[in-house]
Amino acid sequence: ADARLRAGLLFAEIGKAERARALLGELPAGDPASEQQAQLALGEVALKEKRAADAERHFQTAIAGPDASARDRARLGLADALAAQGRREEAAKLYA
């Protein structure tokens, strides 16, 4: 699972969205920290692809994860996703 997560994160970082989605979407359940990282990366990929509603869903899931730093990144990503959907007031609250 760790190798799959690392590969998925790498593919997301280099812009190989389809491959990243395939790897990150197939992670086995049971490791909340890995799942949080995967959801965060999937949110970032979706946002880059202008799929803001999908990004919102992934960031919401990542916010519930155990790592505080990842939660902070997910909140900012969620704000970006909301802004991209024209929900600027909701986004502004998260940026504050």
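This section describes the nonpolar cores, one helix pair and four individual residues of a predicted model.

The largest nonpolar core contains 14 residues, and the members that touch the most others are Leu40, Ala55, Phe59, Ala74, Leu78 and Ala91. Three helices each give two or more residues to this core, namely α3 (32–48), α4 (52–63) and α5 (68–84). Helix α5 provides the largest share, with seven residues. A second core, separate from this one, comprises 10 residues, among them Ala17, Ala41, Leu42 and Val45. For Ala91, a member of the largest core, the contacts beyond four places in sequence are Ala79, Leu82 and Ala83.

Helices α3 and α5 pack with their axes 10 Å apart and at an angle of about 25°. The two helices are therefore roughly parallel, and their crossing is left-handed. On the α3 side, the contact is formed by Gln36, Gln37, Leu40, Glu44 and Leu47. These residues meet Ala70, Arg71, Arg73, Ala74, Gly77, Asp80 and Ala81 of α5. Classified by residue type, the contact between α3 and α5 consists of five nonpolar, three polar and four charged residues. Two residues of this contact, Leu40 in α3 and Ala74 in α5, are also listed among the members of the largest core that touch the most others.

Gln36 lies in helix α3 and belongs to the contact of that helix with α5. The relative accessible area of Gln36 is 3%, so this residue is buried. When neighbours within four places in sequence are set aside, Gln36 contacts Ala62, Gly65, Pro66, Asp67, Ala70 and Arg71. Of these partners, Ala70 and Arg71 are part of the α5 side of the helix contact.

Ser34 is likewise found in helix α3. With a relative accessible area of 16%, Ser34 falls under the 20% limit and is classed as buried. Excluding residues up to four places away in sequence, Ser34 touches Leu5 and Leu27. The C-alpha atoms of Ser34 and Ala92 are 28 Å apart, with a sequence separation of 58 residues.

Leu82 is placed in helix α5. Leu82 counts as buried because its relative accessibility is 4%. Apart from neighbours within four places in sequence, the contacts of Leu82 are Glu56, Arg87, Glu90, Ala91 and Leu94. The pairing with Ala91 appears again among the contacts of Ala91, together with Ala79 and Ala83. Between the C-alpha atoms of Leu82 and Ala92 the distance is 9.2 Å, the two residues being 10 apart along the chain.

Phe11 is located in helix α1 (residues 2–13). A relative accessibility of 25% means that Phe11 counts as partly exposed. Leaving out neighbours within four places in sequence, Phe11 is in contact with Lys16, Ala17, Arg19, Ala20 and Leu23. One of these partners, Ala17, is a member of the second core. Val45, another member of the second core, has its C-alpha atom 9.8 Å from that of Phe11, with their positions 34 residues apart along the chain counted as the separation.

Terms used
Residues numbered from 1 in each chain as written. Predicted model: local features only at pLDDT ≥ 70, side-chain atom pairs only at ≥ 80, totals over all residues. Heavy atoms only, no water. Core = buried A, V, L, I, M, F, W, Y, C linked by side-chain atoms within 4.5 Å. Buried < 20%, exposed > 50% of the residue type's maximum accessible area, 1.4 Å probe, protein only. Helix = DSSP H or I, 4+ residues; strand = E, 2+ residues; numbered from the N terminus. Contact = heavy atoms within 4.5 Å. Axes fitted to C-alpha atoms, helices over the stretch in contact; angles between N-to-C directions. Parallel < 35°, antiparallel > 145°, perpendicular 65-115°, else oblique. Left-handed = near helix turned anticlockwise from the far one by under 90°. Nonpolar A, V, L, I, M, F, W, Y, C, P; charged D, E, K, R; others polar.
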